[in-house]
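Me: I would like a close look at one part of this model, taken slowly and with the terms spelled out.

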Amino acid sequence: MPGLGPVTPVRHPHSPFVTQCHKEGDASQFLGCPGEANSYAMRHSSSCRNYDSDRSINLSRPTHTISSDRDIRSWAAATAVHRDVSAAPRRHPIDRNELIDLTRRALKIATDKTTDMTPVERRHPAAMFTDQERFERERELVLRSPQLVGYRSELPAPGSFCTKTVMDIPVLLTRGSDGIVRAFQNVCTHRQAPVAKGCGAAERFVCPFHAWTFDNRGSFVGGPGREGFPATIAAGANLTELPAAEHSGFLWVGLRPDAGPLDIDTHLGDLGPELESWNIGNWAPVGEKVLDVPVNWKLALDTFAENYHFATVHRDTFAVFTKSNCALFDSYGQHHRLVFPMRHIGDIADQPEESWEPLNNFVVIYALFPNIVLSATVANGEVFRVYPGSKPGHSVTYHQNASPMDFSDESIRKAADDVFEYAHASVRDEDYPLAADIQRAMNSGARAEMIFGRNEPGLHHRHSVLDEALGESTGESLGV
Ligand code: FES
Ligand SMILES: [Fe+2]
């Protein structure tokens, strides 16, 4: 969960990240002056600069084409009409006027003390989080879906490499001398040791087991005792290449080697230009933390899909600076976007719109189908990669953050680490323990269903589009 920069010290309490930075003594610039955060985003600078509103982040319009489910479709149509949102897909990012429009919407729900709602509630079977057969089909779906695995900046130059674990599969990503990103199974073709660890720069990868060596295009280039493997080497002992792409500032892989090229343009649709416009992919990676939890993967994702729980679960953290039970919802095909207004958004109500700094007034959460969450502000670009684990009640979350700050200053780097730990701790210590309790209750079979409220549209959307992708219909609308 990212932080936004205050204008003056008076506003600092709105952001715990700023509060943390101030503990470091000199980081008032870190999450900075409002607008300057945008400058940071564009220029990778830690010094205060003038805000260039023309370079603000673009937010494209949602398509609202979310599901074949009749109830959800009618709800989507209703909300589209209500908001005067065109049903026609758009390819162009919006300009500041549309960002201002989003701010107006956020201000209105905050002022009215309301939130975007579905027409009706939904009853959802608990078995969707415990059933082995359903779980296996979901795993298959994730395995065949394009996977966002990191930031473009993790491969900053030709010769760079990084390693990932995706659905338990070890993956090596490289940027070749031609600048192209490639991905491979990080599995030696001899006896399956990982040929690379961590990240860095390397033209060659020497397997730590028997020193077979591969170049950064995955080709086997040599090793001791070749006479022991005449057939294998004659057939080519290259690493197995995976589909890979660099798109919207992020690194993507496909986990099926023979599945053909990734089409991220189609996968993201209108959301692609919007994600690109944040420039998060070029920000500096801050780190990666892993949570291995006794929680179904969708239940883990659902903790990011509403802010109804902020006032209780995050009473002393996020709820201190963002509204609870107050969110804008927009769908983009299988993906969706939530906007969480900051508590101080009402301060701009009597200010001329020309002076608004829209992105200082809300946090944006993207749910990228099927298993990725991106939390974005001008100061933090967090990625949550949530993978189904070994059974329905098990998942693994890889949490990364990226920052537009200049880390040449050690104190700024330290502050960024603190921000990341703060955000991570809220998930680790607040969201996921409660989710584990919920999983235990569902495992017990005590209650056959759970309810998604009208004020939880992100939940309706996620589970509807997943059902649609699997060709199933689960859940039931609760009309009044
Ligand atoms: S496992 Fe890699 S060289 Fe033997
Ligand atoms: Fe939460």
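In which sense do strand β2 (residues 147–151) and β12 pair, and over how many bridges?

Reply: Strand β2 and β12 pair in the antiparallel sense, over four bridges. This is a predicted model, in which local features need pLDDT of at least 70 and side-chain atom pairs count only at pLDDT 80 or more, while totals for chains, interfaces and linings use all residues. Residues are numbered from 1 along each chain as its sequence is written, and chains are lettered from A and ligands numbered from 1 in the order in which they are written.

Strands here are DSSP runs of E with at least two residues, and helices are runs of H or I with at least four, both numbered from the N terminus. Two strands pair if DSSP finds at least two bridges between them.

Across the β2 pairing, Tyr-151 stands opposite Phe-250 in β12. Strand β11 (residues 244–247) is also antiparallel to β12, with four bridges, and there Glu-246 is opposite Leu-251. β11 and β12 make a hairpin with two residues between them, and Ser-248 in the turn has a positive phi of about 60°. The result is an open antiparallel sheet of three strands in the order β2-β12-β11. β2 and β11 are at its edges with a single partner strand each, so one side of each has no neighbour in the sheet. Direction ignored, neighbouring strands of this sheet are turned by 30° against each other on average; axes are lines fitted to C-alpha atoms, for helices over the stretch in contact, and angles run from 0 to 180 degrees between N-to-C directions.

In a regular strand the side chains alternate between the two faces of the sheet. β12 (residues 250–253) is covered on both faces: Phe-250 and Trp-252 are buried on one side, Leu-251 and Val-253 on the other. Buried means that 20 or more other C-beta atoms, placed from the backbone, lie within 10 Å of the residue's own; 12 or fewer is exposed, and anything in between is partly exposed.

Val-253 deserves a separate note. Apart from its neighbours within four places in sequence, Val-253 has contacts that include Gln-147, Val-149, Val-166, Leu-242 and Ala-244, a contact being two C-beta atoms, placed from the backbone, within 7 Å. Val-253 is also among the residues that touch the most other members of the largest nonpolar core, together with Leu-173, Ala-300, Val-339 and Val-373; this core has 99 residues. A nonpolar core is a set of buried Ala, Val, Leu, Ile, Met, Phe, Trp, Tyr and Cys residues joined through C-beta atoms within 7 Å. Helix α11 gives the most to this core, with 10 residues. Domain 1 (56–132 + 268–478) and domain 2 (147–259) both contribute to this core, so it lies between them; the bounds come from an automatic or database domain assignment.

The model also has an open sheet of seven strands, antiparallel, in the order β13-β19-β18-β17-β16-β15-β14. Its twist averages 15° from one strand to the next. Helix α11 (residues 410–444) packs on this sheet, touching β13, β18 (381–388) and β19 (395–403), and its direction makes about 20° with that of β13. Within the sheet, β15 (residues 335–341) and β16 (residues 362–368) pair over six bridges in the antiparallel sense, with Val-363 in β16 as the bridge partner of Phe-340.
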